[in-house]
Number of protein chains: 2
Amino acid sequence: MKNYELVLHRVEGDLAAGRLRIGGRLPGERALAEQLGISRPSVREAVRVLEAMGVVRTATGSGPEAGAVIVAEPVSPLTAVLRLHLATNHLPMGDVVQTRLLLESWSAREAAGRELAANELKVAEELLDRMDNTGLSPEEFHLLDAEFHVALAGLAGNVLIAAVMTSLRSAIHEYVLAAVPNLPDWEATAVGLRAEHREILVAIRGGEAERAGELVAAHIRGFYRAAQL
Amino acid sequence: MKNYELVLHRVEGDLAAGRLRIGGRLPGERALAEQLGISRPSVREAVRVLEAMGVVRTATGSGPEAGAVIVAEPVSPLTAVLRLHLATNHLPMGDVVQTRLLLESWSAREAAGRELAANELKVAEELLDRMDNTGLSPEEFHLLDAEFHVALAGLAGNVLIAAVMTSLRSAIHEYVLAAVPNLPDWEATAVGLRAEHREILVAIRGGEAERAGELVAAHIRGFYRAAQL
DNA sequence: CCTACCCTGTGGTCCGACCACACAGCTACA
DNA sequence: TGTAGCTGTGTGGTCGGACCACAGGGTAGG
C-alpha cells in the first residue's frame, strides 16, 4: 500500500467512527506525518486527494478557518470527474442528457408528490422572476436556468440526486452555451423556456406529478432538439 | 491559482484538444515540472488527484505500461466519493437506496425496449446460474447479486448511469452485508431473490418494459424492507 | 544465437528549508 | 486606561535535492 493511502484510510476510518466530524479539523500535516510514520509530502498528496473529493477544505494561516477543515461537499468532485471524463470523449454527451432527463423528470414527479413549504418554492419562483428580465445575455439566462433546474431537483429532497444534478449542469454548462448560436431565434426560445418553467412550477405546486414529470422531460428534450445537440 | 492546479488545467485542456488520448502517457513528472516552471512535488500532487479521479493510472518502471497512462475509469472515483461522503453521515442511506431504485428500474425499462444481442444477456444469465449454487455464503451471493444488477444497468447502454450504479453498489456493499443478520431466514430470502432475478430477465428479454421496471423496483424494495434498512 | 548483466528512465519517498498567510497576544504609545 | 501596531507562532504552499525500487532494453559475454 502506498503511503498516502494510509492517510486516506485513516481519515475514512475516523469519519466512520465519528472521531472526525463536519467542521472538525485534520491534524496538521506535520503531525499527521509523524503519527503515521511517513513524510509530509506523502501526507500532502493524501490531503490533496481529500480536497479533490470534497472532504476537506484547506486554508493557510491560523484560527478556526485555517488548516484542513472537514466539509461535506460532494458536488465539486462529481463535477470535476464529469468534466474530466467528458474531456476524454469516453463519456458521450447523449448519455449525460439522458441522465438529466431521467433525474429531472423524476425530481419533478417526486416534488409534486411532496408537501412543500412555501419558502421551498419561493427560491425557484424568484429565479423565474429574474429570468423575465429581457436584457439578459444567453449566458446569464442559462446560469439562472441551471439554478432553477437544480432547485427543482432539490425539491425532491434527495441530496444525492440533487448533487448529481448540480454536477451535471456545471459540467455541461459550456457545452450548452456553445450550442446557443445553433438556435434559430434566441429571443423566441427564451420566451418559450420561460413559459415552460412557469407551467412546470404550476404542475408541481398543484401536485400533478405525472404532468410535472412530462413537462420537464418535454422541456429538456425540446431545448436539445432546438439547439441540435 | 495553486501550482498543482496548473497541471490539472493543462491536462484537461490537452484532453479536450485531443493532444492527450486514452492510452497515451503524461510527460514524466520531472519534465512536466520543468515545462510548467513548478516543482516536482507540486506536479505529484496533481497527478495524485488525476489518479483519484480515474484519469490516469501510474506505475513504476519503464516500458509502455509504466508512467502515468491516460485511462477512462469513472467508476473508482465515484465510488470513493460516495464512500467518503457516506462516512460523513451527510449522505443518507435512504437517498442512496432511492437513487438505486430510480436508476435500476429505468435501466430495466430501457433494456427491455432495446434490441439486445444474445451475448449481452448471456453475461447476466451466467451470473444467475452461478447464484443457483446453494453453497454460497451471503457475501459471495451478494457479490454476484451486485454484478447482476450492474450488468442490468449496463444493458440500458448509458455509460454514465452504469458507472453510477456500479459505484453505488460498491459503496453500499458492506452496509448491505451488515444487514444480512437482520433477515429472518437467509436461505428463504436467497430463493426468493433468485426467482425474482429470473423473472426480471424474462421480462427484459420479452420486451416488457413496464413490467421489467416494476419487477426491479419491487425486488429492491422487498430486500431493503426485509433487511430493515 | 542466446543468456545474463547493467544502464536508464520511471514513479515512490524522504529530508530540510523557506515563504505567505492569518490570528493571538503583547507592547508601546496616546 | 485604551487602543493601535507589532511580533510570535502555527498553518499550508513551494521548492531543491537526494535516494530507492522497479521494469524494460541494450549490450557484452558465453
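The legends below describe close-up views of a predicted model with two protein chains and two DNA strands. Local features are given where pLDDT is at least 70, side-chain atom pairs count only at pLDDT 80 or more, and totals for chains, interfaces and linings use all residues. Residues are numbered from 1 along each chain as its sequence is written, while chains are lettered from A and ligands numbered from 1 in the order in which they are written.

**Figure 1. The fold of chain A.**
Chain A has ten helices and two strands; helices (H or I, at least four residues) and strands (E, at least two) are DSSP runs, numbered from the N terminus. Along the sequence, the order of these elements is α-α-α-β-β-α-α-α-α-α-α-α. Taken along the principal axes, the C-alpha atoms of chain A fill a box of roughly 65 × 40 × 30 Å. Of its 229 residues, 41% count as buried. A residue is buried if 20 or more other C-beta atoms lie within 10 Å of its own, exposed if 12 or fewer, and partly exposed in between, with C-beta atoms placed from the backbone. Two residues are in contact if their C-beta atoms, placed from the backbone, lie within 7 Å. Among the contacts in chain A with a separation of 6 or more, 67% join residues 24 or more positions apart.

**Figure 2. The surface around DNA strand C.**
DNA strand C is surrounded by 24 residues, and the closest are Asn3(A), Ser39(A), Gly61(A), Gly63(A) and Gly28(B). A residue is near a strand if its C-beta atom, placed from the backbone, lies within 6 Å of it. The elements that give two or more residues to this surface are helix 1 (3-17) and helix 3 (40-52) of chain A, together with helix 3 (40-52) and strand 2 (67-70) of chain B. By class, the surface near DNA strand C has seven nonpolar, 13 polar and four charged residues. Here Ala, Val, Leu, Ile, Met, Phe, Trp, Tyr, Cys and Pro count as nonpolar, Asp, Glu, Lys and Arg as charged, and the others, Gly among them, as polar.

**Figure 3. The surface around DNA strand D.**
Around DNA strand D there are 25 residues, of which Gly28(A), Asn3(B), Ser39(B), Gly61(B) and Gly63(B) are the closest. Two or more residues are given by each of helix 3 and strand 2 (67-70) of chain A, and by each of helix 1 (3-16) and helix 3 of chain B. The surface near DNA strand D divides into eight nonpolar, 13 polar and four charged residues.

**Figure 4. The contact between chain A and chain B.**
Chain A gives 37 residues to the contact, and chain B gives 37 residues. On the side of chain A, two or more residues come from each of helix 1, helix 3, helix 4 (75-87), helix 5 (93-112) and helix 8 (159-179). Helix 4 of chain A supplies the largest share, eight residues. This side of chain A has 25 nonpolar, six polar and six charged residues. A turn of 180 degrees with a shift of 0.0 Å along the axis lays chain A on chain B with an RMSD of 0.1 Å. This is the relation of a two-fold axis. The copies are superposed by least squares on the C-alpha atoms of residues with pLDDT of at least 70 in both. Of the interface residues of chain A, 100% are also interface residues in chain B, so the copies meet through the same surface.

**Figure 5. Helix 7 of chain A.**
What span should the 18 residues of helix 7 (residues 138-155) of chain A have? At 1.5 Å a residue, the expected span is 26 Å, and the end C-alpha atoms are 26 Å apart, which agrees. The expected span is 1.5 Å times one less than the number of residues. The buried residues of helix 7 include Phe141(A), Asp145(A), Phe148(A) and Leu152(A). The buried residues of this helix pack against helix 5, helix 6 (118-131), helix 8 and helix 9 (186-205) of chain A. Just after helix 7, Gly157(A) takes a positive phi of about 80 degrees.

**Figure 6. Asn158(B) and its neighbours.**
Asn158(B) lies in the loop between helix 7 (138-155) and helix 8 (159-179) of chain B. Asn158(B) is buried, with 23 other C-beta atoms within 10 Å. Not counting residues up to four places away in sequence, Asn158(B) touches Asp95(A), Gln98(A) and Thr99(A).

**Figure 7. Asn89(A) in a loop.**
Asn89(A) is found in the loop between helix 4 and helix 5 of chain A. Asn89(A) is not a glycine, yet has a positive phi of about 65 degrees. Most residues other than glycine have a negative phi. Asn89(A) is partly exposed, with 14 other C-beta atoms within 10 Å.
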